[in-house]
Amino acid sequence: MKKFILAMSVLLSAATQAQVLPVREQADVVNELLAERFDKLLPGMMAQTGIDMWIVVSREYNEDPVLKTMLPAEWLNARRRTVLVFYRDPKKQTVEKLAVARYAVGKSIAAAWDMKKFPEQWEALADIVKQRNPNKIALNTSHNFGHADGIDRTDYEELVQALPAEFKRKVVSAEPLAIRWLETRTEREMQIYPQLVDATHKIIAEGFSERVITPGITTSEDVVWWFRQKIRDLGYDTWFHPSVEIQRAGKGLANPDIIIPGDLLHVDIGITYLRLNTDVQEHAYVLKPGETAAPAALTLAYAKANRLQDILLAQFKQGSTGNQMLAGALAQARGEGINPTIYSHPIGYHGHAAGPAIGMWDMQNGVPGTGEEALRYRTAYSIELNAASAIPGYAEPVRIMLEEDAYFDESGIRYISGRQKEMLLVPRRAPNIEP
């Protein structure tokens, strides 16, 4: 029997593993996605923001978050000082992609440093600027978004000093362009994203099952590390350490970390694949002897959290700010008798990505700066929130903490790969044994 269970486990793991491409094929997809973004997204974004030259600078091991997304899959870091220049020709409406570096940066960005003519790198850059005579020279500086604030002080000062005097006054923040670059998803990326979110859901379903959890034995930390190892074994990465929490009626065991029947479990995990990230939170209930479902009070509390999701999604409208969506959703939820907390955020190249923040757990009256950013089409969000309910037997209000990834475009807002609408049960079915 043990050999059979082990064999089945290997087969199940292999089936899931087959969905993950070998590293070489992953690199091919990453490079194809990147070339498509340069060709199809960047020209329009530069036109929308009125920026005709964007300079992105990084030194090795101190990479700008934007530059990291622009490197080919074979480049794990910048090399020495890597300077990328994107120039939009307003007449041709094309974007020239140049690297003031010793090498071309992949197939999309051509090397443009004649080291014999310009021994100094900044001199070569200054010549490119003079030849193209841009109206605006955008650098990655931002007060509100760390993602768009990637140029370091030394590079900024040396770059500006190297520019001819007439161009120094043309230096502006690239924040609006950097945010669009990071937040906007392509059609092909959105063909891939559902597979990644679905994989996250499957990992949670296995982790919150009798295959992993033995009540009275397994600890929450055991499950945390099971998730961490499972993600790695399947060929994915994770952008943060998973967490598993227990909400419990009564006192339970002396060791509060041991999972026991009657526990309400919560997980928060996110995986990374092909430079995209997920962020998902779900719940499971550990059945007591004789139970076949979670208690009605918990089921009702869960329904309130699902309703809170619906309320927030109804706020998604082009041009609305994160703070406007937050205020509208909270007001409606409270009017319906829900005790809400909303802290949703963009997702994509980063887990906590660039774009409008829709609340933070400790900022329910609005988020300065990032909460004032407006919603745009073709962007993805983690719908993250909780609804608290007072339930007899629990010392504190029970918080149903949910997080599911969603995509917003001209057709509206939709979950990328569904959402959890009822708690998982451990075990999946109660034993069918006569008393």
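**Stop 1: the largest nonpolar core.** Select Y193, I203, F208, I213, V223, F227 and Y236. Within the 41 residues of the largest nonpolar core, these touch the most other members. Keep in mind that this is a predicted model.

Now colour the elements that feed this core. At least two residues each come from α2 (23-49), α8 (187-207), α9 (220-233), β9 (264-269), β10 (271-273), β12 (280-286) and β18 (424-426). The top contributor is α8, with eight residues.

Centre on I203. What is in contact with I203, beyond its neighbours within four places in sequence? Show W226, F227, K230, I231, L234, Y236, I269 and I271. F227 and Y236 were also in the opening selection.

**Stop 2: a second core.** Move to L308, A329, A406 and M423. They are among the 36 residues of a second core, separate from the first.

**Stop 3: the largest pocket.** Switch on a surface. The largest pocket holds about 660 Å³ of space. Pick V30, D237, T272, L274 and R275; of the 23 lining residues, these are the closest to the pocket's centre. Two or more lining residues come from each of α2, α3 (65-70), β7 (237-238) and β10. Which element gives the largest share of this lining? Select α2: four of the lining residues belong to it. Both α2 and β10 also supply the largest core. Colour the lining by class and you get 13 nonpolar, seven polar and three charged residues.

**Stop 4: the second largest pocket.** This pocket has a volume of about 270 Å³. Select H345, H352, A357, G359 and M360. Among its 16 lining residues, these lie nearest the centre. The lining divides into seven nonpolar, seven polar and two charged residues.

**Stop 5: helix α4.** Select residues 121-132. Place a distance label between the end C-alpha atoms: they are 17 Å apart. Why does that agree with expectation? The helix has 12 residues, and at 1.5 Å a residue it should therefore span 16 Å.

Next, show the side chains of Q121, W122, A124, L125, A126, D127, I128 and V129. These are the buried residues of α4. What do they pack against? Display the strands β1 (53-59), β2 (81-89), β3 (94-99) and β5 (137-139), then the helices α5 (153-162) and α6 (165-168); the buried residues of α4 pack against these elements.

Finish just past the helix, at N133. Check its backbone: N133 takes a positive phi of about 50°.

Technical notes: Residues are numbered from 1 along each chain as its sequence is written. This is a predicted model: local features need pLDDT of at least 70, side-chain atom pairs count only at pLDDT 80 or more; totals for chains, interfaces and linings use all residues. Side-chain values use heavy atoms; hydrogens and water are left out. The expected span of a helix is 1.5 Å times one less than its number of residues. Buried means under 20% relative accessible area, exposed over 50%, partly exposed in between (1.4 Å probe, protein chains only). Contact means heavy atoms within 4.5 Å. A nonpolar core is a set of buried Ala, Val, Leu, Ile, Met, Phe, Trp, Tyr and Cys residues joined through side-chain atoms within 4.5 Å. On a 1 Å grid over the protein atoms alone, a cavity is a set of points where a 1.4 Å probe fits but cannot get out, and a pocket is an open set with protein on both sides within 12 Å along at least five of seven lines; lining residues have an atom within 4 Å of a point. Grid points are joined across faces, edges and corners, and a volume is the space filled by probe spheres set on the points. Ala, Val, Leu, Ile, Met, Phe, Trp, Tyr, Cys and Pro count as nonpolar, Asp, Glu, Lys and Arg as charged, and the others, Gly among them, as polar.
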